Amino acid sequence: MLDLLIEIQQLDNAQPESFESNIKNPNDPYESFNRRMFNFNLGFHQYVGEPVGRGYERITPQPVRTGIRNFFTNLRMPLNMLNNALQGNAEGTMNDLMRFSINTVFGFAGLLDIATPAGLPYQHEDFGQTLYVWGIGKDASFIVLPFLGPSSTRDLAGLGVDYAVDPGYRYFLNASAEEHLILTLVNQFDRYVDIIDFIDPLLTMDDPYIFFREASIQLRRNQLYNGNPPLDALDDFDFD
């Protein structure tokens, strides 16, 4: 989500004319619903999320928050590994295995991230990406979910599968269904606190939803291609 809001800031520096053709994005057939959910999420942020988040920031030292984030990132590595394997990405699968092993053993169950400085960076993988690699839902529609934010019809299905089979919670923690839900909410809240300062600038834009949507779509496309999306086809030019 932090990457998304950085992307939004970059889009804000673009010329307004570059967005004229994106007002009616064909990937957003549910725009009316999405705008309502977008406004609902902003309202929740303003009246509930931000006040609680600011309180959490004041009473929780940054090293503690970093440790929490590292722990949950490490806990996600078995799921990451599974999705990389399902996508046929042997290099990514091995990277995830080594990250999980190093941070679990030498990083106190993942509270310290030793793997990234050692040259084993984290790259998010999920079942929505796996479905895309399999050729399923390539033309998925953009959708905004209450509390969870931007997604797509394909990624919504992937989200359910990831939550149901996540081996980190199921086998590493042996968490019950209730514990899994509580820990997931804690993780999402901690990540939300990290982006609070990036939300207010979004509200100063002429149409915050348009910028939010375009940044979301661009960021997800980047993830689907593991940071190397294909270049858009160039129009034919007459150089004579």
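A patch, as the word is used here, is made of residues with over 30% relative accessible area and no salt bridge, and nonpolar side chains are joined into one when they lie within 5 Å. The model described here is a predicted one.

One such nonpolar patch covers about 880 Å² of the surface. Its members are Phe40, Phe44, Tyr47, Val48, Val52, Phe147, Leu148, Leu156 and Leu159. Two helices, α2 (31-59) and α7 (153-165), each supply at least two of these residues. The most comes from α2, which gives five residues to the patch.

Two members of the patch can be looked at in turn. Phenylalanine 40 is part of helix α2. Its relative accessibility is 39%, so phenylalanine 40 counts as partly exposed. Phenylalanine 147, also listed in the patch, sits in the loop between β1 and β2 (149-152). With a relative accessible area of 56%, phenylalanine 147 is exposed, because the term applies to values over 50%. The backbone at phenylalanine 147 has a phi near 70 degrees, which is a positive value in a residue other than glycine.

From the surface, the description now turns to the interior. In soluble globular proteins, nonpolar side chains tend to be buried together. The largest nonpolar core of this model has 17 residues, and those that touch the most other members are Phe38, Val144, Tyr192, Tyr209 and Phe212. At least two residues of this core come from each of α2, β1 (142-145), α9 (177-194), α10 (196-203) and α11 (208-224). Helix α2 therefore appears in both accounts, as a supplier of the patch and as a supplier of the core.

Valine 144 shows what surrounds one of these core residues. Apart from neighbours within four places in sequence, valine 144 is in contact with Phe33, Asn34, Met37, Phe38, Asn41, Gly149, Pro150, Tyr209 and Phe212. Among these partners are Phe38, Tyr209 and Phe212, which are named with valine 144 among the core residues that touch the most other members.

Helix α2 also holds histidine 45. Histidine 45 has a relative accessible area of 5% and is buried, because values under 20% count as buried. When neighbours within four places in sequence are set aside, the contacts of histidine 45 are Glu50, Pro51, Tyr192, Ile196, Ile199 and Asp200.

A last residue lies in the segment after α11, namely asparagine 226. Asparagine 226 has a positive phi of about 50 degrees, although it is not a glycine. Its relative accessible area of 27% makes asparagine 226 partly exposed.

How values were computed: Residues are numbered from 1 along each chain as its sequence is written. This is a predicted model: local features need pLDDT of at least 70, side-chain atom pairs count only at pLDDT 80 or more; totals for chains, interfaces and linings use all residues. Side-chain values use heavy atoms; hydrogens and water are left out. Patches are made of residues with over 30% relative accessible area and no salt bridge: like charges are joined within 9 Å, nonpolar side chains (Val, Leu, Ile, Met, Phe, Trp, Tyr) within 5 Å. Accessible areas come from the Shrake-Rupley method with a 1.4 Å probe; for residues, only the protein chains shown count as cover. A salt bridge is a side-chain nitrogen of Lys or Arg within 4 Å of a carboxyl oxygen of Asp or Glu. Helices (H or I, at least four residues) and strands (E, at least two) are DSSP runs, numbered from the N terminus. Buried means under 20% relative accessible area, exposed over 50%, partly exposed in between (1.4 Å probe, protein chains only). A nonpolar core is a set of buried Ala, Val, Leu, Ile, Met, Phe, Trp, Tyr and Cys residues joined through side-chain atoms within 4.5 Å. Contact means heavy atoms within 4.5 Å.
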